[in-house]
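Here's a quick walk through one protein model and the ligand that goes with it. Have the sequence and the coordinates open as you read.

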Amino acid sequence: MITFETVSKVYEEGTRAVDSISFTVNKGEFFVLIGPSGCGKTTTLKMMNRLIPLSGGTIFINGKKISDFNIHELRWDIGYVLQQIALFPHMTIEENIAIVPELKKWKKDKIHRRVTELLEMVGLDPDTYRYRKPSELSGGEQQRVGVIRALAADPEIILMDEPFSALDPLSREKLQNDIIHLQKTIKKTIVFVTHDMKEAMKLADRICLMNDGKIVQLGTPEELIHQPVNDFVRDFVSGASLVNSSFNLEDMMEPIHDNKPLSSPRLPINASIEEVLTLLSKHELIMIERNGEVIGYVNRQMLIRYLSESVAVGGNQNV
Ligand code: ADP
C-alpha cells in the first residue's frame with residue numbers, strides 16, 4: 001500500500017530528520033509512528049502526501065511513485081488530520097466537511113447525504129450540527145469534525161498527526177474509541193503519529209518506533225513489549241506505561257491565583273511529561289496555558305509528587 005524505500009530527508013540547514021528508512025504499511029492497517037520529540041515522525045508523515053519533498057529514496061503508493069501522482073489528486077485522495085484542526089471559521093460544519101467532495105465535483109445531494117452519514121458516525125446530530133459554525137462546537141466536537149472531514153471524500157489513506165493530543169482525557173478517550181470503531185467499519189489505511197505509547201498500544205496494528213530519524217523497531221504492540229530489540233525500546237515502552245500513559249498536566253498543576261510571576265516559561269496544557277521534565281530541569285517554575293491564557297503553574301515539588309504517585313499507583317501496567 002505505502003512503501004518507503006531508503007527514504008531520507010535533510011532540511012536545508014543540514015538537519016538529517018529522516019535517515020534512509022524503509023518499511024511498508026499494509027492495506028487496511030492502523031500504523032502508528034512513535035518516538036521522542038524531534039525523531040522525525042512528522043517529517044515521515046508529511047512526505048507521504050508530498051507536503052515535504054524527499055531528499056533521497058522513493059515512496060510508493062499502490063506501487064506507483066508518489067512523484068508520479070498529480071499533486072492535487074494525491075492530496076484529495078489522502079485524508080489528513082492535524083493536531084489543531086483548522087476548520088474554516090466563517091463556514092458551517094457542512095461546508096467544512098464538503099471541501100474535498102466539492103473539489104472533486106460531487107453532486108449536491110451526494111454531498112448532503114455524505115455529511116449526514118459522517119456526522120452520525122461520530123455521534124453529532126446532523127440536523128443540529130451541519131448548520132453550526134466551528135465556534136459553536138467544543139474542542140472535542142471540532143476535532144471529531146476534523147476527523148470526518150478527512151474521511152469525507154472516502155480516501156483510501158488517512159494520515160493523522162497527533163490528532164487527539166490537544167483534547168481533555170475524556171474527549172480523547174471517546175475519539176480513540178470512535179477511531180477504532182471507524183477503522184473496523186471502513187477499513188482504511190491509517191498512519192497515525194503520536195508520542196503517547198498508551199495511545200499507540202490501544203490503536204495500532206503495528207508500531208514503528210523511531211529515534212534520530214531511524215527506525216529502531218517495527219512490530220505489533222505485543223512484540224515491542226515482549227521482544228524489545230534493545231534498551232531504548234524497553235525504556236520507551238515501560239517508561240511510557242509508567243508516566244505517559246494517563247499523563248495529564250491538570251493532575252499536576254495548581255490553578256493560578258493572580259499574583260504568580262508571569263515571566264516564567266510557559267507550556268500548553270497538553271504538553272507531554274518529557275516537555276515538563278525538560279523545562280523543569282532548567283527552571284524552578286513553569287506556567288501552564290490553555291488557548292494562550294495562563295490557567296495554572298507547576299514547580300519541581302509538584303512534579304516529584306506527581307511522579308512518586310504515578311509510580312506507586314501506575315506501575316508497569318502495560319508490561
Ligand atoms: P517529530 O515529529 O518526531 O517531533 P519532526 O519530523 O518534526 O520530528 O522533526 C525532525 C527533525 O527535523 C527535528 O530535529 C526538527 O527540528 C527538524 N525539522 C523539522 N522541520 C524542519 C524544518 N522545516 N526545517 C528544518 N528542520 C526541521
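In helix α1, the buried residues are Lys41, Thr43, Thr44, Leu45, Met47 and Met48. That's six of the eight residues in α1, so the helix counts as mostly covered, with buried meaning under 20% relative accessible area. Keep in mind that we're looking at a predicted model here. Just past the end of α1, Arg50 takes a positive phi of about 60 degrees.

What does α1 do for the ligand's surroundings? The helix, which runs over residues 41-48, gives the most to the shell around the ligand, with three residues. The full shell is made up of Tyr11, Glu13, Thr15, Ala17, Pro36, Ser37, Gly38, Cys39, Gly40, Lys41, Thr42 and Thr43. Sort that shell by class and you get four nonpolar, six polar and two charged residues.

Some of these side chains come within polar-contact distance of the ligand, and here they are side by side:

| Side chain (polar atom) | Ligand atom | Distance |
|---|---|---|
| Tyr11 | nitrogen | 3.4 Å |
| Lys41 | oxygen | 3.0 Å |
| Thr43 | oxygen | 2.5 Å |

How much of the ligand does the protein bury? On its own the ligand exposes 560 Å², and the protein buries 60% of that. Lys41 and Thr43 turn up in both stories: they're on the list of buried α1 residues, and they're also part of the ligand shell.

Now zoom out to the whole chain. The protein has 14 helices and 14 strands. Its C-alpha trace spans about 60 × 45 × 40 Å along the principal axes. Is the overall fold compact or extended? For 319 residues, a compact globule would have a radius of gyration near 20 Å, and the protein comes in at 21 Å, so the value agrees with a compact globule.

The burial and contact numbers fill in the rest of the picture. Of the 319 residues, 48% are buried. Among contacts with a separation of 6 or more, 64% are between residues 24 or more positions apart. On the outside, the protein exposes about 15,400 Å², with carbon and sulfur atoms supplying 50% of that area.

If you go back to the model after this, α1 is a handy place to begin: the helix is mostly covered, and it gives the most residues to the ligand shell.

Methods. Residues numbered from 1 in each chain as written. Predicted model: local features only at pLDDT ≥ 70, side-chain atom pairs only at ≥ 80, totals over all residues. Heavy atoms only, no water. Near = heavy atom within 4 Å. Polar contact = N/O pair within 3.5 Å; in protein donor to acceptor, adjacent residues only side chain to side chain. Areas by Shrake-Rupley, 256 points an atom, 1.4 Å probe, with all protein chains shown as cover. Helix = DSSP H or I, 4+ residues; strand = E, 2+ residues; numbered from the N terminus. Nonpolar A, V, L, I, M, F, W, Y, C, P; charged D, E, K, R; others polar. Rg over C-alpha atoms; globule rule 2.2 N^0.38 Å. Buried < 20%, exposed > 50% of the residue type's maximum accessible area, 1.4 Å probe, protein only. Contact = heavy atoms within 4.5 Å.
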